[in-house]
Amino acid sequence: MASYLDFEKSIKQIDDDIANAKIRGDEHAVEILNKNLEKETAKIYKNLNEYQRLSLARHPDRPYAIDYVRGMMTDYYEIHGDRAFRDDHAIVCYIGYIGSKKVVVIGEQKGRGTKNKLKRNFGMPHPEGYRKALRVAKLAEKFSLPILFLIDTPGAYPGIAAEERGQSEAIARNLFEFANLKTPMIAVVIGEGGSGGALAIGVADKLAMMRNSVFSVISPEGCAAILWNDPSKQEQATKAMKITADDLKSLNLIDDVIEEPLNGAHRDKDSAVKALATYFTDELAKLEDQSMDQILSTRMNKILSVGAFQEGK
């Protein structure tokens, strides 16, 4: 069954009416209701606020990394383990084809259902997950394979065991290594990009966001708890933090915004997968027109420009 957010109540009502009309066999009513649904969907989704986009980024039906892999890759094969401690299921790595191009896809996976959410640790990787990502990225570099990163995590796992195994070092190591990796890299925030857990697979030649995704240094709940000592002010924090795709594009912190279906990726996964695959292939073609020295130079300048400023006269 479809899940509806608070601001989608009117859409749910029309969907229910359509279902009832189909049961009655009233095709005329179904036709009218479908037109009403299109109008209501356009009205709601063209005027979303920041908090509503956050809700969409966290929607339980939103496509996750494996959904994108299955939708846009062929002849894909999963690569497991960091060769040091264990296989972290919150990070998934695949080698296969997108179109005619052999590529490596590295993504963060949240999981659905209680059992799978626990297996994926709710999309919060341990250090071995980031070390697996680095190992696979190095493999891609060795064989000159481009990399697609799919970012979707509330943050790196903050547990004691993760800290004991060097969580912060693993994230920092990825930032350092990816900055100099000699292969084209494209990163896309497909849902929730949280803190260092997102940055650890977010250093790339192109950084894009799906229209209804978010990218921030801390969750709005965490921000509200720190600033106002009141986690319930998360909606106010969401607006103040500027975490939507449009906000970050206007601040030049991301390169592009990938358009989703009007009613969200969770309602039309196939179109969302197609949009991301098209973006990846188009941008990869542009990168492959450049020499590796040009790619590395542009990447480094891009990294160094983040947070740079000039004092006014």
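This short talk goes through one protein chain, from its overall build to a few single residues.

Good morning, everyone. Please keep in mind throughout that what you see above is a predicted model, and that the values I mention are computed from it.

Let me begin with the whole chain, which has 14 helices and eight strands. The radius of gyration of the chain is 20 Å, close to the 20 Å that the globule rule gives for 313 residues, so the chain is as compact as a globular protein of that length. If you follow the C-alpha trace along its principal axes, the chain spans about 60 × 50 × 50 Å. Buried residues account for 50% of the 313 residues, and the accessible surface of the chain comes to about 15800 Å², with 52% of that surface belonging to carbon and sulfur atoms.

How are the contacts spread along the sequence? If we take the contacts between residues at least 6 apart in sequence, 72% of them join residues that are at least 24 apart. As for charge, the chain carries 43 positive and 45 negative charges, and the mean positions of these two groups are 2 Å apart.

Now I would like to turn to single residues, starting with Asp256, which you will find in strand S8, covering residues 256–258. Which side chain does the side chain of Asp256 join in a polar contact of 2.7 Å? The partner is Tyr279, and Tyr279 is also listed among the residues that Asp256 touches beyond four places in sequence, together with Lys206, Leu207, Ala208, Met209, Lys249 and Glu283. By way of a distance across the fold, the C-alpha atoms of Asp256 and Asp61 are separated by 24 Å, while the two residues lie 195 residues apart along the chain.

The next residue is Arg299, which sits in helix H14, residues 292–305. Is Arg299 buried or exposed? With a relative accessible area of 1%, Arg299 is buried, because buried here means under 20%. Leaving aside neighbours within four places in sequence, Arg299 is in contact with Phe178, Ala179, Asn180, Leu181, Thr183 and Met185, and also with Ala204 and Asp205.

Let us move to the loop between strand S1 (74–79) and strand S2 (91–98), which is where Asp87 is placed. Asp87 has a relative accessible area of 18%, so this loop residue counts as buried as well, the limit being under 20%. The side chain of Asp87 makes a polar contact of 2.7 Å with the side chain of Lys132, and a polar atom of the Asp87 side chain lies 2.9 Å from the backbone nitrogen of Gly81. Beyond its neighbours within four places in sequence, Asp87 is in contact with His80, Gly81 and Lys132.

The loop between S1 and S2 also holds Arg83, which has a positive phi of about 65 degrees although it is not a glycine. Arg83 has 72% relative accessibility and therefore counts as exposed, since exposed means over 50%.

Finally, where does Asn229 lie? Asn229 is in the loop between helix H10 (220–228) and helix H11 (234–241). The phi of Asn229 is near 55 degrees, again a positive value in a residue other than glycine, and at 69% relative accessibility Asn229 counts as exposed.

That is where I will stop, and I am happy to go back to any of these residues in the structure above.

Terms used. Residues numbered from 1 in each chain as written. Predicted model: local features only at pLDDT ≥ 70, side-chain atom pairs only at ≥ 80, totals over all residues. Heavy atoms only, no water. Helix = DSSP H or I, 4+ residues; strand = E, 2+ residues; numbered from the N terminus. Rg over C-alpha atoms; globule rule 2.2 N^0.38 Å. Buried < 20%, exposed > 50% of the residue type's maximum accessible area, 1.4 Å probe, protein only. Contact = heavy atoms within 4.5 Å. Areas by Shrake-Rupley, 256 points an atom, 1.4 Å probe, with all protein chains shown as cover. Lys, Arg positive; Asp, Glu negative; His and termini not counted. Charge placed at Lys NZ, Arg CZ, Asp CG, Glu CD. Polar contact = N/O pair within 3.5 Å; in protein donor to acceptor, adjacent residues only side chain to side chain.
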